[in-house]
Amino acid sequence: MNTNKHGEIDEKVNSLLSKMTLGQKAAQLQCTFAAGDDPSLILSQFQNGVGEVVCFANTASPEETAAYNRKVIDLVRESTPLHIPPIIHVEAVTGLNSAGGTIFPSAIGLGATFSPESIEKMGDIIRQQMLAVGYRQALSPVMDVARDPRWGRIGETYGEDPTLAAAMSTAYTKGLQGDSLERGVIATGKHFLGYAFGDGGLNMSTNPITPRELREVYAKPFQAAITKANLQAVMNSYGTIDNEVIIGSRHILTELLRDEMGFDGITVSDYMSIQWLVADKICPDMESAGIQALEAGLDVELPLPGGFGGGLLEAVKQGRLDEKLIDRAVSRVLKRKYLLGLFDNPYPAAEKIAEAYYTPSLNAHSLKCARESIVLLKNDGILPLSKNTGKIAVIGPHADSIRLLFGGYTLPAGIEMSMSRTFADMAGMGGALIPGGAEDAFVPADFFPGSKVRREREDVRLALQAMYGASTPTILASIKEKCPAARITYARGCDIAGNDRSGFEEALRAAKNADLVIMTLGGKYGWGDSCTIGEGIDSDKIGLTGVQEDLAREIYAAGTPTVLVHMDARPLSSEFIFKNFPAVIENWFPGITGGAAIADVLFGDYNPAGRLPVTIARNAGQIPIYAGQKTGNSYYALKNGQRLNRYVEGELEPFYYFGEGKSFTEFEYGGLDITQNPEDDSVTISCSVRNTGRFDGDEVVQLYVSDQSASMLRPEKEFAGCSRAFIKAGETKTIRFKLRPDQFAFLNAGMEWVVEQGEMAVLIGSSSEDIRLSGSFTIGASRTIPGHARGFYAEPID
């Protein structure tokens, strides 16, 4: 948007602000629920309007959602003479979390695609679906850099690497916000900042991150989305940096985010996070907590007024709070509403519902993303499978389950949370009240024997079957469709948790009587005590849950060739399986087309090319282990025999490295060329890649750079960018990248962003360890730069 347009909007904001009472101003910093058949029961309590709304309506279709949201908008606008419309927000980390929304793979699977182009198109699909039903802010994407698989929310992230997360976050933001906010929706980067690296791998814990690491690593995805995609909203983390609770930290929310990083959008609180200032004994009550959060730089409190309730008004009246701070936050909120065009047309674009929800291309792109996310970790020649196999045994809890195709922050997970009455297990919602059935009439599901995890309720299974059964074939159904002539036997074998082995015998019998076994194992991702991983569901172990590893050993001992398909938000960590099974596939939680996608890979209709967005640790003792380790740390210490760091009777190397993933074909690299362009100080890097195998397929060409001499300790190698290219068998393609040397800027001893003179090694390969080509370029002169204006990732050149 040009400067004149911004100036016009600023004038409108100032004019409207001058007409508002203090109560009307404070209302713009608040949010509330709209729930039940009649949203007026709640909204009528907000006589001064409200800034944002989150809808918990039990709508069954996009048309119903659009009608409900229109009703909410009218109720809010009519509540004050100024007719200020609300922003209705929604979750959309893996697709719009609303009836009819297209569901894509969990974010960790999207990270495995190594394809920002696919993620930008996904963001555009979500944008169109949100506009059609009236949602104008997505509480997505998650920009956290996740380097601890014990953390239950790892599945919401794009993985361990800040550059990959930067590229994916920027792509999602561009797709969601569009080329103009009037035709787009607000993207909300979260969780600012350092949330994924908590003490003990635990959610909502202290984040032991240095100021330098905070900026160079954890802020990088946010900075990239701010600089390259004009990110419009940021949500705080529940965490703590250097003993400052982030929701109340001016240092983080203003000095870092706005002054250093140049962010000029709105900041919104993660749900009920202001209360942590009281719980953590920083503030004596919610009124003082609200004042501290506002002074720190928070603009809007989600999802209910607490700290930003009536206490702010009293504080202004009593002279304990400067009204200018409220005006500052209100001005930011109103500007977003003008940018969205809500004052001209606040309503859903319901006439676009058919195009946005009912075209075949939507599921086609979900299928594309699901296929691209699948990582082939091991293949001793068993894959692809023959569709003419006579007898196939399909074993494992995930094979015949609709729910287990979906991860957290999806509508199926939300339906289970609602029907299981575990809403309070969603972060920050322990004190919230959502209209529902009487708790005293509710009987929760049983626990799995020997476990703290509950079974899936039968009414949940039936509800999901009714909603998705016709459109979402399970893995088992997809295998049957691929092999209509095969005799296919299914045995669950065991559950995702607990110590019940009563299904082992049936599974063993099926395996022994089959020519081939396809085995599905893993976890369950979502909210509440029926899941093994998710928000507030962390773990001190990173292996398979329950008796699944025991079942795998029994099936292996049966002697029938077995393909292992793993499904979880954290990658498989099993020495026995990696050593003994002839094929292992990482399938994450693939979404609405996931059954078809994995069947396509198993039977050779799609050649997998997903890459690991995280390093696979051997055990929890190796954590954190990641490709961007500093020189001499972790497994890089093996390159220097003088370093005395080792695990007694243990290994430094991981099971699998960042960026690793196999194909049904082979690729040969050559022709490296590195050209420095003095006119714009950029570097062009190119190489040739030839498909020397029998199968067409994608290759993910990965670029790494290593600083050969620096004034501060730097990573052994930095992931710099990637290009996912389709190459036919026998074909050669030239892959080109353009990068800026200031992409490798870092903070010097004086905490200035610097680009230092010297040699930069260029490494190109198929993973962080499978390096095929190497060369170098030279940075000619050292200089300081503004950190927010640096490069973030190498751009592929067509």
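Visitor: Is glutamate 699 buried or exposed, and at what relative accessible area?
Guide: This is a predicted model, so the value is computed from it. Buried means under 20% relative accessible area. Glutamate 699 is therefore buried, with a relative accessible area of 2%.

Visitor: Which residue meets the side chain of glutamate 699 in a salt bridge?
Guide: The N to O distance in this salt bridge is 2.9 Å. Glutamate 699 sits in strand S21 and its partner in the loop between helix H23 (594-602) and strand S19 (667-677), so the pair ties together parts 88 residues apart in sequence. The partner counts as buried, at 1% relative accessibility. It is arginine 611.

Visitor: Which residues do salt bridges that share partners join into one network?
Guide: The structure holds 45 salt bridges. Some share partners, and one network of this kind joins Arg371, Lys387, Lys482, Asp600 and Asp605.

Visitor: How many bridges pair strand S21 with S22?
Guide: Strand S21 covers residues 697-707, and its pairing with S22 is antiparallel. One bridge partner set is aspartate 698 with phenylalanine 726 in S22. The count for S21 and S22 is 9 bridges.

Visitor: In what order do the 4 strands of the open sheet lie?
Guide: The pairing is antiparallel. The edge strands, S22 (718-727) and S27 (771-779), each pair on one side only. Neighbouring strands are turned by 20° against each other on average, direction ignored. The order is S22-S21-S26-S27.

Visitor: What is the nearest side chain of opposite charge to lysine 337?
Guide: Lysine 337 lies in helix H14 (residues 323-339). It is buried yet has no salt bridge. A salt bridge needs nitrogen and oxygen within 4 Å. The nearest side chain of opposite charge is 7.5 Å away, and it belongs to glutamate 52.

Visitor: Leaving aside neighbours within four places in sequence, which residues does lysine 337 contact?
Guide: Contact means heavy atoms within 4.5 Å. With the sequence neighbours left aside, lysine 337 is in contact with Gln28, Val50, Gly51, Ile84, Pro85, Pro86, Ile87, Leu342 and Phe343.

Visitor: How many residues apart are glutamate 323 and lysine 25?
Guide: The two form a salt bridge, with the closest N and O atoms 2.8 Å apart. Glutamate 323 is in helix H14 and lysine 25 in helix H2 (residues 22-27), distant parts of the chain. Glutamate 323 is partly exposed at 29% relative accessibility, whereas lysine 25 is buried at 7%. Along the chain they are 298 residues apart.

Visitor: What is the N to O distance between aspartate 550 and arginine 501?
Guide: Their side chains meet in a salt bridge. Aspartate 550 lies in helix H21 (residues 548-557) and arginine 501 in the loop between strand S13 (487-491) and helix H20 (504-512), so parts 49 residues apart in sequence are tied together. Aspartate 550 is partly exposed at 30%, and arginine 501 is partly exposed at 41%. The N to O distance is 2.4 Å.

Visitor: What radius of gyration does the protein chain have?
Guide: The chain has 23 helices and 29 strands. Its C-alpha trace spans about 75 × 70 × 50 Å along the principal axes. A compact globule of 798 residues would have a radius near 28 Å, and the chain's value agrees with this. That value is 26 Å.

Visitor: What share of the 798 residues counts as buried?
Guide: Among contacts with a separation of 6 or more, residues 24 or more positions apart account for 76%. For burial, the cut-off is under 20% relative accessible area. The buried share of the residues is 63%.

Key. Residues numbered from 1 in each chain as written. Predicted model: local features only at pLDDT ≥ 70, side-chain atom pairs only at ≥ 80, totals over all residues. Heavy atoms only, no water. Pairing = 2+ DSSP bridges. Helix = DSSP H or I, 4+ residues; strand = E, 2+ residues; numbered from the N terminus. Axes fitted to C-alpha atoms, helices over the stretch in contact; angles between N-to-C directions. Buried < 20%, exposed > 50% of the residue type's maximum accessible area, 1.4 Å probe, protein only. Lys, Arg positive; Asp, Glu negative; His and termini not counted. Rg over C-alpha atoms; globule rule 2.2 N^0.38 Å.
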